[in-house]
Amino acid sequence: MNVAGRVAVVTGGGGGIGGALVARLAREGARVVVADLDADSAREVSERVNAGLPGSTVSAGADVSDTGQIQQLVALAESAFGPVDLYFANAGIAGAPGLDASEQDWDLSIDVNLRAHIRAARLLVPRWLERGEGYFVSTASAAGLLTQIGSATYAVTKHAAVAFSEWLSVTYGDRGVRVSCLCPMGVNTKLLSSGEDSGDALGRAATRAVTSAGDVLEPAEVADAVLAAIEDERFLVLPHEDVIEMYRQKGSDYDRWLRGMRRYQRSLLTQP
């Protein structure tokens, strides 16, 4: 898909990967609704992009785990620009470390990292089927293909986000609905440092596991990879090329991989 002239919604658009996606989409000629739980951050991103490309974006504060608020975003896009062509389910949270994560922690992670994708797809896919095309882009994580040391809530919900994206592609890919799933490792965002700042040993290990596993990319580099995948209509978006080899190693010998991950975790937990 060529994004020029298309209408996109980017959730979690107030910074990080989402903010970089907004800027890149606008440069390529798309018109974008910038959505974020932090309305001020969304507005700042929108104003910054519009300063160079007037009228290319509008912004809104929204909790995109809520169906009603997703509906409002779609309505905003339609009134400002036209029907939504691309939806970037990018909003996400790190989640609490360890088995001490509460029921509320689990509910929040499932709502934001998974159900937000499901609820958006329920609204948009029927419209796209009628039109014969549409594009759903899910931000998951390399943790959705491998795992995440520290946070079970993150690892589990990101696995589920990958699975839901696969299901969407299998079920509707022959009817015009394209799907891409973004699975990066370390990206220089607030989310990356949240574990280190948590004061919890497993939280610190979670951050260090990512930063020591490969390069930490800038959000703009990830946005470039996403746009390239959309142009190619490619499902799996891997800005860190090593992830696919890690995934192959995991699948080829699960027990060996689990033993290696336990050793890796021990080494991280013994770091000062």
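This is a short viewer tour of a sheet, two of its helices and a pair of cysteines. The model is predicted.

**Stop 1: the sheet**

Start with the strands. Seven of them form an open sheet in the order S3-S2-S1-S4-S5-S6-S7, with parallel pairing. Look at the edges: these are strand S3 (57-61) and S7, and each pairs on one side only.

Now select residues 7-10 and 31-36. These are strands S1 and S2, and they pair in the parallel sense over four bridges. To see one bridge, pick Ala8; its partner in S2 is Val32.

Next, add residues 103-131. This is helix H4, which packs on the sheet. H4 touches S4, S5 and S6. Compare its direction with that of S5: the two make about 165°.

**Stop 2: helix H8**

Select residues 219-232. Helix H8 has 14 residues. From its first C-alpha to its last it reaches 20 Å, close to the 20 Å expected at 1.5 Å a residue.

Which residues of H8 are buried? Show Pro219, Val222, Ala223, Val226, Leu227, Ala229 and Ile230 as sticks; they are the buried ones. Turn the view to look down the axis of H8. The buried residues fall within an arc of 160°, so they line one face of the helix. The general rule behind such a pattern: an α-helix has 3.6 residues a turn, so residues three or four places apart point the same way.

What covers that buried side? Bring up helix H1 (16-27), which is part of the cover. Then add strands S4 (86-89), S5 (134-139), S6 (177-182) and S7 (236-237), which are also included in it. S7 is the strand already met at an edge of the sheet.

Swing round to the face of H8 turned away from its buried side. The exposed residues Glu231 and Asp232 sit there. Step on to Glu233, just after H8; this residue takes a positive phi of about 55°.

**Stop 3: two cysteines**

Finish at Cys181 and Cys183. Where does Cys181 lie, buried or exposed? At 0% relative accessibility, Cys181 counts as buried. Cys183 is buried too, with a relative accessible area of 0%.

Draw a distance between the two sulfurs. A search of the whole structure finds zero disulfides. For Cys181, the nearest cysteine sulfur is that of Cys183, 3.9 Å away. For Cys183, the nearest is that of Cys181. A disulfide here requires sulfur atoms within 2.5 Å, and neither Cys181 nor Cys183 is in one.

Note on methods
Residues numbered from 1 in each chain as written. Predicted model: local features only at pLDDT ≥ 70, side-chain atom pairs only at ≥ 80, totals over all residues. Heavy atoms only, no water. Expected span 1.5 Å × (residues − 1). Buried < 20%, exposed > 50% of the residue type's maximum accessible area, 1.4 Å probe, protein only. Arc of directions from axis to C-beta. Contact = heavy atoms within 4.5 Å. Pairing = 2+ DSSP bridges. Axes fitted to C-alpha atoms, helices over the stretch in contact; angles between N-to-C directions.
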